[in-house]
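Student: Could you walk me through this structure, starting with the overall picture and then going down to single residues?

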Amino acid sequence: VFDLVNNLADGISIGQSGTRWIRVNDVTIQRARYAIRLRLGTSAHEFNRVECYASDFGVYLEGALSNRFDRCVIGNSSRAFATAGGTVGQYLGNQWDRGVLWSNVHGFYNVAPGTLSVSNSVIVGGNAVYALDPPWIGPAPADYNVYWNTIPMWGVDFARSVSDLHRKLTN
């Protein structure tokens, strides 16, 4: 368990351009500025059963490609999963699978179109999706997810899929 106490330090920060194929398993990170921070030029990292709590950002991508987050949990954070602007090509191929976002202010924050797939996950509380700049956010592949007590925000395709699902279940 990494308990950083003051929200000024990063939990796991991978910043050397060209760094690839790092695997992190069974770690808990608490009270960090960025629990997991992946910087420009890093790619193909895998995070399994990583838990991030009470941080400013759970996962923060600054131009990182093809990373996989499997069975991870982000809870009670300001922004659970965020990207730092830039171009769409800087973020392609990231995957969030079988994870939980629990009681965060914002679930997926400023995620660029086509850069993240979210599957088989549970998203509870806060805004499921939020963007400072609505055209920036776009459709993300999102299937087999459970949204509970959350608000999909600003014209996102999976906001439409949630209402379609509700209509199918109630008709």
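Tutor: We can go from the general make-up to the sheet, the salt bridges, the cores and two loop residues.

Student: What kind of model is it, and how are residues numbered?

Tutor: This is a predicted model, in which local features need pLDDT of at least 70 and side-chain atom pairs count only at pLDDT 80 or more, while totals for chains, interfaces and linings use all residues. Residues are numbered from 1 along each chain as its sequence is written, and side-chain values use heavy atoms, with hydrogens and water left out.

Student: How many helices and strands does the protein have?

Tutor: There are 1 helix and 20 strands, where helices (H or I, at least four residues) and strands (E, at least two) are DSSP runs numbered from the N terminus.

Student: What share of the residues is buried, and what does the surface look like?

Tutor: Of the 171 residues, 46% count as buried, with buried meaning under 20% relative accessible area, exposed over 50% and partly exposed in between (1.4 Å probe, protein chains only). The protein exposes about 8200 Å², and carbon and sulfur atoms supply 53% of that area; accessible areas come from the Shrake-Rupley method with a 1.4 Å probe, and for residues only the protein chains shown count as cover.

Student: OK, the sheet. Which strands form it, and in what order?

Tutor: An open sheet is formed by 6 strands in the order β3-β6-β9-β12-β15-β18, with parallel pairing; two strands pair if DSSP finds at least two bridges between them. Because β3 (23–25) and β18 (142–143) stand at the edges with a single partner strand each, one side of each is left without a neighbour in the sheet.

Student: Which residue stands opposite F69?

Tutor: F69 stands opposite W96 in β12. The strands concerned, β9 (residues 68–70) and β12 (residues 94–97), pair in the parallel sense over 3 bridges.

Student: Do those two turn up again? I mean, which residues touch the most other members of the largest nonpolar core?

Tutor: Within that core of 30 residues, I36, F47, F69, F81, W96 and F108 touch the most other members. A nonpolar core here is a set of buried Ala, Val, Leu, Ile, Met, Phe, Trp, Tyr and Cys residues joined through side-chain atoms within 4.5 Å. At least two residues of this core come from each of β2, β5, β8, β11 (79–83), β15 (116–119) and β17 (127–130), and β5 gives the most, with 3 residues.

Student: And what does F81 touch?

Tutor: Not counting residues up to four places away in sequence, F81 touches V59, L61, F69, W96, G107, F108, Y109, V111 and L116, a contact being heavy atoms within 4.5 Å. There is also a second, separate core of 5 residues, which includes Y34, F57, Y60 and A82.

Student: Switching topic: how many salt bridges are there, and which does D10 form?

Tutor: The structure holds 11 salt bridges, each being a side-chain nitrogen of Lys or Arg within 4 Å of a carboxyl oxygen of Asp or Glu. D10 forms one with R33, the closest N and O atoms being 3.0 Å apart. Since D10 lies in the loop between β1 (2–3) and β2 (12–14) and R33 in the loop between β4 (28–30) and β5 (34–38), the pair ties together parts that are 23 residues apart in sequence. D10 forms another with R37, at 3.1 Å between the closest N and O atoms, and this pair links the same loop to strand β5, 27 residues apart.

Student: Are R33 and R37 buried or partly exposed?

Tutor: R33 is partly exposed at 31% relative accessible area, whereas R37 is buried at 12%.

Student: Last topic, S55. Where is it, and what is in contact with it?

Tutor: S55 sits in the loop between β7 (51–53) and β8 (57–61) and is buried, with a relative accessible area of 2%. Leaving aside neighbours within four places in sequence, S55 is in contact with N7, Q30, R31, A32, A35, N76, S77 and S78. A polar atom of the S55 side chain lies 3.1 Å from the backbone nitrogen of A32.

Student: And N76 from that list?

Tutor: N76 is found in the loop between β10 (73–75) and β11 and counts as partly exposed at 49% relative accessibility. Its contacts, again without neighbours within four places in sequence, are A54, S55, W102, S103 and N104.

Notes: Polar contact = N/O pair within 3.5 Å; in protein donor to acceptor, adjacent residues only side chain to side chain.
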